[in-house]
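Reader: I would like a close look at the enclosed spaces inside this predicted model, and at the strands and aromatic rings that can be described along with them. Please take me through them in one connected account.

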Amino acid sequence: MRDRSGRRRVRRIAIGAAVVLALAGMNGPWLWRVGSEKYHDYKINQPEYKADNGHWDIVEFPEEYRQNTIHAALLHTGKVLLVAGSGNDQDNFDKKKFDTRLWDPVKGTVKKIPTPTDLFCTGHTQLGNGNLLIAGGTQRYEKLKGDVTKAGGLMIVHNEDPDEPKTIPAGTKFTGRKNGRTFVSQDNILVEKAKKVFDKRTGKFLRTEAGLSRVYVEAARSGAAYETGTQDNYRVQGMKGTDRRNVYGMAQKLALDKKDFQGIKDAFEFDPVAERYIKVDPMNEARWYPTLTTLTDGKILSTSGLDEIGQLVPGKNEVYDPKTRKWTYTKGIRQFPTYPAIFQMTDGRLFYSGSNAGYGPDDVGRKPGIWDLRTNTWKGVPGLSDQQLLETSGTVELPPAQDQKYMVVGGGGVGESKRSSEKTRVVDLTADEPRFVDGPSLEKGTRYPQISTLPDDTVLISGGSQDYRGRGDSDIRQARIYDARTGEMRRVADPLVGRNYHSGSVLLPDGRVMFFGSDPLFADEADTKPGVFEQRIEIYTPPYLYRGARPSLGRGPETIERGESGTFPTRRASSVKTARLIRPSASTHVTDIDQTSIALGLKTSKGAVSVTVPRNRSLVESGWYMLFVTDVQGTPSRARWVRVP
């Protein structure tokens with residue numbers, strides 16, 4: 001009976017294909033295209049094709065739960081935090097409409113989360129206690145030169161009173177002593193009191209150094225007549241008594257130039273259990289587009305970003321202590337472009353791959369190197385091809401983490417350059433003299449690639465666009481899997497949705513990968529129709545989940561100390577060949593510093609596997625991990641959540 005029905009099914013397919021071909025011959029290319037699309041849909045849904053190439057599915061939330069997702073992080077509850085903030089929509093910003101969603105990919109539920117401020121273009125990383133640290137965001141949207149109607153820029157406010165700080169509220173007016181023009185502060189600021197300086201040897205008083213604070217100001221009236229081109233001293237209106245002399249502003253050029261985005265100092269922890277944001281002490285510097293990197297001691301390094309007046313933070317980096325929830329500056333100055341790809345190495349030093357996602361001079365902080373944060377010393381890493389095309393490139397730590405190999409994928413020229421690179425470059429940091437070498441090339445120059453580490457020691461590379469933000473309909477609907485063990489890369493099933501700027505990917509505990517976002521400038525090849533933010537979520541199921549039964553991994557210890565072991569029940573234990581701890585992603589703007597896959601010691605016995613966590617604290621940072629075991633075919637189990645304290 002099954003054989004006859006199988007023959008009938010094959011016959012129906014053959015007849016259908018013959019009819020399509022016959023009609024195509026009579027009616028031209030339209031029917032041929034329809035027939036080709038049907039055949040393509042048929043082909044990609046065949047078991048054999050899926051086992052070789054994987055499969056893509058689209059998840060569409062109900063309309064009330066859709067948002068312009070900019071950031072995504074997997075939480076140890078198995079849910080995914082989807083953060084939009086204002087979602088690159090100034091109307092939302094002006095209305096203070098800030099969005100966060102919590103998606104449960106198992107139950108398919110979506111929950112709205114109250115969002116305290118504009119967490120758009122923030123930085124984030126997983127903390128050792130299981131919370132997600134989020135720092136920075138948007139104070140003010142950019143304005144292009146033609147849209148700027150009021151001259152504005154940086155005002156440095158001085159306080160020469162050594163006895164008390166001064167509060168300067170938003171809306172305070174500053175009037176130039178020479179030019180007579182009036183400018184208005186846009187934000188509240190606190191100006192520290194002046195500092196008395198004494199000779200360290202004799203104790204003799206030398207001078208008083210004014211307390212300083214910076215604020216963005218705009219002219220009280222519109223028009224080019226209110227621009228300034230030279231430095232002036234500004235009276236602060238509303239000051240009385242001696243404060244009229246002690247408190248003043250200094251500004252140079254206040255003009256109708258383009259105004260970049262401006263950052264905030266705010267920081268929060270998101271609690272996955274309580275499902276809410278918790279406000280912590282703000283950073284010392286406002287940051288928009290910062291990178292957060294976990295250090296050996298569990299503290300978090302914050303680097304780069306645009307500050308409260310839209311300028312690149314001048315190399316003043318700082319560290320968050322989760323115990324005190326406070327920030328302190330690091331020693332020394334080191335500047336990077338925004339969203340720099342900075343990873344902690346297994347010896348505690350930091351590796352900067354050169355990848356970044358945007359703002360900053362083209363000749364400052366763009367060369368890759370190894371950074372010792374304790375001494376602020378730097379050693380460059382040579383050999384990187386297309387080094388001038390690193391903006392919007394992606395960097396991934398290749399699995400397993402013990403190998404200390406990193407891959408830089410694609411990238412483009414600085415700013416809105418049309419240039420892009422098809423290169424992949426690999427560096428082995430365990431070498432005596434690390435040097436980049438080219439890996440397999442992509443088919444096209446690729447900006448904004450989405451990259452996810454898989455539990456079978458492969459890496460999924462998908463999407464991106466050839467041009468800046470997908471201009472010219474240049475989205476790349478291709479995906480590849482790179483094998484970190486062999487260095488080979490192959491095409492797999494093509495994604496259904498184009499992804500460029502403001503997109504990313506996250507490995508889920510079931511071994512699938514979710515993709516979010518995309519923010520094209522235009523929606524057509526001629527660049528005439530405005531782009532529409534991609535709100536659909538797409539799921540890629542890798543080939544390893546179409547190869548039959550997967551290993552099971554039963555309940556075991558939820559906490560395993562470094563150097564200690566944990567035992568988990570499993571069927572067919574003899575078929576299990578590898579075990580990996582994979583840190584959950586926190587992804588945005590081609591930047592996912594949290595991604596790491598750590599090889600575990602593995603012993604098998606009848607009905608169980610025992611895994612051992614490495615002792616190295618710089619390799620295994622404190623926090624929650626997904627534990628996967630993989631069989632001889634490379635098929636992974638569903639993950640078990642394990643915490644390393």
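Author: Searching the whole structure, which is a predicted model, turns up 10 cavities of 30 Å³ or more. The largest cavity holds about 170 Å³ of space, and its lining is made up of 19 residues, with Gln344, Glu397, Ile593, Thr596 and Glu621 lying nearest its centre. By residue class, that lining divides into six nonpolar, nine polar and four charged residues. Two strands, β22 (291-294) and β26, each supply at least two residues of this lining, and the most comes from β22, which gives three residues.

The second largest cavity contains about 120 Å³ of space. It is lined by 15 residues, and those closest to its centre are Pro449, Gln450, Ile451, Val590 and Thr591. Here the strands that each supply at least two lining residues are β30 (394-397), β34 (450-453) and β38 (503-507). The lining of the second largest cavity divides into five nonpolar residues, nine polar residues and one charged residue.

Strand β26, already met as a contributor to the lining of the largest cavity, also leads into a sheet. Four strands form this open sheet, in the order β26-β27-β28-β29, and their pairing is antiparallel. In general, the strands of a sheet pair through backbone hydrogen bonds, in either a parallel or an antiparallel manner. At the edges of the sheet stand β26 (342-344) and β29 (377-380), each of which pairs on one side only, and from one strand to the next the twist averages 25 degrees. The join between β26 and β27 (residues 350-352) consists of three bridges, with the two strands running antiparallel. Within this part of the sheet, Gln344 stands opposite Leu350 of β27; Gln344 is also one of the residues nearest the centre of the largest cavity, and this residue therefore offers a convenient point from which to read the cavity and the sheet together. 

The aromatic rings complete the picture, and the structure holds 27 aromatic pairs. In one of them, the rings of Phe61 and Trp103 have their centres 5.7 Å apart and their planes at 55 degrees, so the pair counts as tilted. Phe61 lies in the loop between β1 (55-59) and β2 (71-74), while Trp103 belongs to strand β4 (residues 99-104), so this pair ties together parts that are 42 residues apart in sequence. Both Phe61 and Trp103 are buried.

Another pair returns to the sheet, for the rings of Phe351 and Tyr406 have their centres 5.0 Å apart and their planes at 50 degrees, so this pair is tilted. Phe351 lies in strand β27 and Tyr406 in strand β31 (residues 405-409), so the contact ties together parts that are 55 residues apart in sequence. With a relative accessible area of 0%, Phe351 is buried, and Tyr406 is buried with a relative accessible area of 0%. Elsewhere in the account of the rings, a cluster is linked by ring pairs among Phe93, Phe98, Phe120, Tyr141, Phe261, Trp288, Tyr289, Tyr339 and Tyr359.

How values were computed
Residues are numbered from 1 along each chain as its sequence is written. This is a predicted model: local features need pLDDT of at least 70, side-chain atom pairs count only at pLDDT 80 or more; totals for chains, interfaces and linings use all residues. Side-chain values use heavy atoms; hydrogens and water are left out. Two strands pair if DSSP finds at least two bridges between them. Axes are lines fitted to C-alpha atoms, for helices over the stretch in contact, and angles run from 0 to 180 degrees between N-to-C directions. On a 1 Å grid over the protein atoms alone, a cavity is a set of points where a 1.4 Å probe fits but cannot get out, and a pocket is an open set with protein on both sides within 12 Å along at least five of seven lines; lining residues have an atom within 4 Å of a point. Grid points are joined across faces, edges and corners, and a volume is the space filled by probe spheres set on the points. Ala, Val, Leu, Ile, Met, Phe, Trp, Tyr, Cys and Pro count as nonpolar, Asp, Glu, Lys and Arg as charged, and the others, Gly among them, as polar. Rings of Phe, Tyr and Trp (its six-membered ring) pair if their centres lie within 6.5 Å; planes under 30 degrees apart count as stacked, over 60 as edge-to-face and the rest as tilted. Buried means under 20% relative accessible area, exposed over 50%, partly exposed in between (1.4 Å probe, protein chains only).
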